[in-house]
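Hi everyone, thanks for coming. Let me put the model on the screen, and then we can walk through how its pieces are arranged.

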Amino acid sequence: MNVAAVVTEPLYVLTIKCPDAVGIVAAVSGFLAENEAFITDSAHYGDPDTGFFFMRTSFRAGGKSFPALDRLKAGFDLIGSRFGMEWSINSSGDRPKVMIAVSRFGHCLNDLLHSWRTGQLAIDITGVVSNHVDFRDLVEWHGIPFHYLPVTKETKADQEARMLELFAETKSDLLVLARYMQILSEEACRTLSGRAINIHHSFLPSFKGAKPYQQAHSKGVKLIGATAHYVTGDLDEGPIIEQAVERVDHTFSVDALVRTGRDIETMVLSRAVRWHVEKRVMANGNKTVVFR
């Protein structure tokens, strides 16, 4: 067997959400086997609280009878209808289109640009939107369009509308708020439902607002953290994708808390974006199921 040829086969990802029932795993694995698909990884979860079943399965061609993707989808549609599934099959070659929004803190933006440029994050960045010009040179050095949309009380609605226009014009799949310090309107949140990820600079729900580390320092906290979540109309209360914390103590100044916090924010947002584009995150009411 030519091992190198096997490794270069396209990889496909099947995701499923449906009411829980007997026989789902057997039906899925049986279908893939019948079509000579080789399963490389599979995870599933039945939520006893919501009664929903979630599954993520990656696979590749395992034999000469493996069909074209369109035929595979048409065949699987029968199983999808039988179990009332929300499902999708995507090729690993499909690179999601991602737009990034940022204000004046660039640590998360820098990390995403580096991961993209070095091939660690399989996305196409359609542009960076900002209400400040601080990162224009950095973004354009990477060969990415930079859109300066300054926000005032009078221009906020128009600039948000322009950002949504850019998102649509570039056919973007995901908006990443990489420390974009503007609150999106209810309408924008509805438009971007399930397609916008925010990094919140605290371990929710504590210390909301513009200066969480100063609040944390004044309270003498022993843990600080960050939260990546989907954007909804409820400010900073969307379904959580990832969180992390770091232990601190009385010796930490505000600056030290900020540095530590930014490291956590970078890591948490990076994980959330990666898991989203790899189809590892599924909505489950006000929560998420994450197949890490």
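**Sheets and helices**

Let's start with a pair of strands: E2 and strand E3, residues 52-61, run antiparallel to each other and share nine bridges. Before I go further, a word on where this comes from: it is a predicted model, where local features need pLDDT of at least 70 and side-chain atom pairs count only at pLDDT 80 or more, while totals for chains, interfaces and linings use all residues. Residues are numbered from 1 along each chain as its sequence is written, and side-chain values use heavy atoms, with hydrogens and water left out.

For the vocabulary, helices (H or I, at least four residues) and strands (E, at least two) are DSSP runs numbered from the N terminus, and two strands pair if DSSP finds at least two bridges between them.

Back to our pair: in it, His44 stands opposite Met55 of E3. The pair belongs to an open sheet of four strands, ordered E2-E3-E1-E4, with antiparallel pairing. Its edges are E2 (37-46) and E4 (86-91), each pairing on one side only. From one strand to the next, the twist averages 10 degrees. Angles here run from 0 to 180 degrees between N-to-C directions, and axes are lines fitted to C-alpha atoms, for helices over the stretch in contact.

What packs on this sheet? Helix H2, residues 24-34, does, touching E1 (11-19), E2 and E3, and its direction makes about 15 degrees with that of E3. Contact, by the way, means heavy atoms within 4.5 Å. Helix H3, residues 69-83, lies across E1, E3 and E4 and runs at about 160 degrees to E4.

Those two helices also meet each other. H2 and H3 pack at about 170 degrees, with their axes 11 Å apart. That makes them roughly antiparallel; the cut-offs are under 35 degrees for roughly parallel, over 145 for roughly antiparallel, 65 to 115 for roughly perpendicular, and oblique for the rest. From H2 the contact takes Ile24, Ala27, Val28 and Phe31, and from H3 it takes Leu72, Gly75, Phe76, Ile79, Arg82 and Phe83. By class, that is eight nonpolar residues, one polar and one charged. Ala, Val, Leu, Ile, Met, Phe, Trp, Tyr, Cys and Pro count as nonpolar, Asp, Glu, Lys and Arg as charged, and the others, Gly among them, as polar.

Now for another sheet. Seven strands form an open one with mixed pairing, in the order E7-E6-E5-E8-E9-E10-E11. At its edges, E7 (146-148) and E11 (240-247) each pair on one side only. Inside the order, E9 (residues 196-200) and E10 (residues 223-230) run antiparallel, joined by four bridges, and His200 stands opposite Thr227 in E10.

Helix H4 lies across E5 (97-102), E6 (124-130), E8 (174-177) and E9, at about 160 degrees to E6. H4, residues 107-117, also packs with helix H9, residues 254-277, at an angle of about 45 degrees, with axes 9 Å apart. So H4 is oblique to H9. Which residues meet there? His107, Cys108, Asp111, Leu112 and Ser115 in H4 meet Arg262, Glu265, Thr266, Leu269, Ser270, Val273 and Arg274 in H9. These divide into four nonpolar, four polar and four charged.

One last stop, just past the end of H9: Lys279 follows that helix, and its phi is positive, near 60 degrees. Happy to rotate the view for anyone who wants another look!
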